[in-house]
Every structure is written in C-alpha cells, then in structure tokens.
Amino acid sequence: MGKFTYNRIHLIVMDSVGIGEAPDAGKFNDQGADTLGHIAEHMKGLNLPNMAKLGLSNIREIKGVPKVEKPLAYYTKMQEASNGKDTMTGHWEIMGLRIDTPFQVFPEGFPAELIDQLEEKTGRKVIGNKPASGTAILDELGKEHMETGAIIVYTSADSVLQIAAHEEIVPLDELYSICKIARELTLNEKYMVGRVIARPFIGEPGNFTRTSNRHDYALKPFGRTVMNELKDRGFDCIALGKISDIYDGEGVTQAIRTKSNMDGMDQFISVFDQDFTGLSFINLVDFDAMYGHRRNPKGYGEALEEFDARLPEVFDKMTKEDLLIITADHGNDPVHHGTDHTREFVPLLVYSPTLKGGNELPIRQTFADIGATIADNFQVSMPKYGKSFLEDLK
C-alpha cells in the first residue's frame with residue numbers, strides 16, 4: 001500500500017447537516033437548533049440505512065435511523081472552534097485554520113457608504129441591495145435594470161455580495177471589472193465579505209435566464225492549509241463542487257464543477273477510477289442552498305435519503321487504500337427562525353474496508369482535526385490547529 005496508512009482520502013462535506021446545538025449556540029442566537037433531529041421529526045423518521053450502518057445514530061439517536069451494535073465507521077461529533085457559522089469558516093477550519101474575525105452577513109442589505117463607493121467607482125447606479133433569491137430579484141428588477149443600466153446588487157444568508165447584469169446591457173468584461181472593484185472595497189474587516197459573485201443573465205422581462213458565465217471572487221484563506229501542504233509535496237488534491245471556490249483555488253490540483261448533489265455524487269464516485277494519491281474533497285451544497293436556507297424540512301429530508309442511497313456505490317469502489325470521511329461545515333436547521341445557518345455540532349463518520357469495525361472517537365474540539373489527520377496520513381507539515389485521530393483508527 002506504499003508508506004502511507006491510506007493512499008487516498010475521500011472527504012464529503014454535507015453542507016449544513018448539523019447534529020444539534022453547539023455549547024456556544026446562544027452566542028449566535030441558535031439555542032435549540034438541531035438540523036438532523038428536527039428534519040427527522042418532521043419526516044416522522046428518516047430512512048438512512050447506509051449512514052445508520054456507519055454509526056450515525058450512535059453519535060446521537062436520529063428518529064428512524066437505528067442505532068447499530070457494530071458500526072462500520074468510527075464516529076463522533078465535532079465542535080467548531082472558529083468565530084462563525086458560514087461555509088468558508090467551516091471549510092477553512094476543516095483544513096487547519098482558525099478564523100477569529102467572522103465573515104459578515106447583511107440581512108438589511110449593504111451599508112449606504114459601501115454602495116455609494118461602488119456607484120462612484122463603477123459609474124453605474126445600484127438597485128436592489130437586499131437579501132433575495134437570484135431568480136426572484138431578476139423578476140423584480142430585471143426590467144428596470146435593462147431600462148436604466150443600473151446594476152442589481154443583492155445578498156443571501158451567506159457572506160456574499162452578488163451583482164447581476166444582463167449580458168447585452170453590461171458586457172461581461174465590464175461586469176467582471178465591477179466585481180473586482182466590489183472585491184477590493186470589501187476586503188477589509190469593516191465589511192469582511194466572503195465572496196463577490198458575478199451573476200450575468202440573458203432574456204426578456206418575464207423570461208430571464210442566468211448564464212454559465214458566473215464568476216466568484218473569493219478571499220484567499222488567511223494562512224496555509226493542509227491542501228497547500230499536499231499540493232506542494234506532489235500529492236493530488238481533487239476539489240469537487242464549490243471546494244475550489246471556497247479555497248480560491250489554493251492547494252487544488254484538479255477542480256471539477258458539479259450541478260447538484262446527485263451530479264456531485266456521480267463525479268465523486270467517478271474520481272475513484274482515477275489513479276491518484278492524495279485527497280478528493282466534495283461539498284454537497286443542495287442541502288444548504290436548496291433546503292436549509294429555504295426552510296424546507298421535507299425537501300431536506302428527501303435530499304438526505306437520496307444521498308444515503310448513493311453510499312453503496314462509494315463503498316463498492318473502496319479498497320484497502322481508501323479512507324472515507326463524512327462530515328458537515330455548520331448547521332442550517334430548516335425549522336429554526338430566520339433563514340440563516342445555525343451554530344451546531346457536525347457529525348463525523350470515518351470508514352475504510354481495512355477497519356476491523358467502528359468505535360466511538362472523543363468529541364472533537366475543532367473541525368481542524370480532519371485536516372490534522374489528513375496531514376498525519378500523508379506525512380506533510382501538520383496544521384497549527386487540530387489533533388490527528390489517525391492512530392485511533394484500528
């Protein structure tokens with residue numbers, strides 16, 4: 001098998017699949033949040049036989065998911081150490097960083113001072129400036145945009161500044177240049193915006209379509225991650241879904257776009273057929289974007305069941321060289337107030353065909369324990385934060 005315990009580690013982040021309020025949930029106004037628990041109650045039980053076998057209900061019982069006597073995986077839950085509950089903070093911590101200044105969200109829209117600067121530097125008026133669905137805001141403001149040339153600025157429950165413009169009104173080059181200006185304006189701690197996103201569209205009022213010319217302007221991680229260490233030592237680091245965007249390409253050797261959770265699973269499973277040594281890393285965003293933020297517990301539950309049904313395909317591809325890690329980056333309880341993420345523990349399931357059987361791991365005090373374990377396995381520089389659990393896997 002070579003000199004490493006595992007030649008390939010496959011990491012799945014189920015975006016927003018929390019497993020109960022964190023001890024500091026009160027600081028984030030998230031008392032009582034319980035993404036998996038509340039979805040299971042709403043569904044009168046979740047049908048997740050494959051995660052059950054791994055030991056999901058051994059972490060803590062989930063309605064409909066039986067607790068098993070001999071789980072296949074090592075299991076526990078992880079607490080976030082960073083000061084935040086957003087996607088970038090969670091993922092950066094997974095790869096060994098700790099974020100003490102949280103990314104900002106803008107539930108009332110962006111400050112007038114920022115909008116004034118954007119208008120002055122771009123020469124275009126701003127309309128919108130509120131949280132909105134990307135399609136709904138086009139229905140509302142697309143016609144005005146086409147008539148006036150004003151750019152549509154909006155946000156979401158995440159730390160994002162999105163700029164929508166019709167490709168025939170604002171040429172792509174200009175839209176991208178506007179987004180670069182917005183990125184520069186929001187790099188400081190005063191605004192601390194995680195991503196600026198160009199959202200070009202085409203069509204006529206009543207029939208607008210967003211195009212594939214979207215472009216993300218993310219922040220670089222605030223330090224070197226385990227992915228940087230892997231890449232610099234010649235290992236593969238295959239980023240699927242929005243992973244490459246989250247790390248702004250840092251430490252990525254191959255980026256694979258995905259269209260949905262199920263397309264993501266197709267791509268993730270096909271990566272097993274590649275001859276590589278290192279990490280494959282996917283984020284399944286639909287749980288969060290399609291169901292958590294939209295407060296749709298039924299859709300969320302069905303998406304979890306669809307994901308679970310794909311796991312046998314993953315297991316079938318695994319050899320003694322493979323380690324699978326399933327976790328999440330924060331919560332997004334669809335029955336909680338608001339439409340924001342929730343501060344929760346996240347599940348941790350760690351499986352390989354080489355393991356003699358699963359067992360409980362101690363509760364992890366930081367998501368960075370995953371990064372530390374990956375670094376430990378491939379014998380690269382350990383991150384500043386995190387404690388490896390590689391030796392605990394027997």
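Helix α12 (residues 297-317) lies across β1, β11, β12 and β13 (346-351), running at about 165° to β12. Contact here means heavy atoms within 4.5 Å, and axes are lines fitted to C-alpha atoms, for helices over the stretch in contact, with angles from 0 to 180 degrees between N-to-C directions. Helices (H or I, at least four residues) and strands (E, at least two) are DSSP runs numbered from the N terminus. The model is predicted: local features need pLDDT of at least 70, side-chain atom pairs count only at pLDDT 80 or more, and totals for chains, interfaces and linings use all residues. Residues are numbered from 1 along each chain as its sequence is written, and side-chain values use heavy atoms, with hydrogens and water left out.

The strands beneath this description belong to an open sheet of 7 strands with mixed pairing, in the order β2-β13-β12-β1-β11-β9-β10; two strands pair if DSSP finds at least two bridges between them. Its edge strands, each pairing on one side only, are β2 (74-78) and β10 (254-256). From one strand to the next the twist averages 15°. At the β10 edge, strand β9 (residues 236-240) pairs with β10 in the parallel sense over 3 bridges, and Ile-238 has Gln-254 in β10 as its bridge partner. Another helix, α4 (residues 87-94), lies across β1 (8-14), β11 (278-284) and β12 (322-327), and runs at about 160° to β1.

Helix α12 also takes part in an aromatic pair. Rings of Phe, Tyr and Trp (its six-membered ring) pair if their centres lie within 6.5 Å; planes under 30 degrees apart count as stacked, over 60 as edge-to-face and the rest as tilted. The count by this rule is 13 aromatic pairs. In one of them, Phe-287 and Phe-307 meet edge-to-face, at 6.2 Å centre to centre with 85° between the planes. This pair links distant parts of the chain, since Phe-287 is in helix α11 (residues 286-292) and Phe-307 in helix α12, 20 residues apart. Phe-287 is buried at a relative accessible area of 0%, and Phe-307 is buried at 1%; buried means under 20% relative accessible area, exposed over 50% and partly exposed in between (1.4 Å probe, protein chains only).

Helix α1 (residues 35-42) is mostly covered, with 6 of its 8 residues buried. What covers those buried residues includes α3 (56-59) and α12. Just after α1, Lys-44 takes a positive phi of about 55°.
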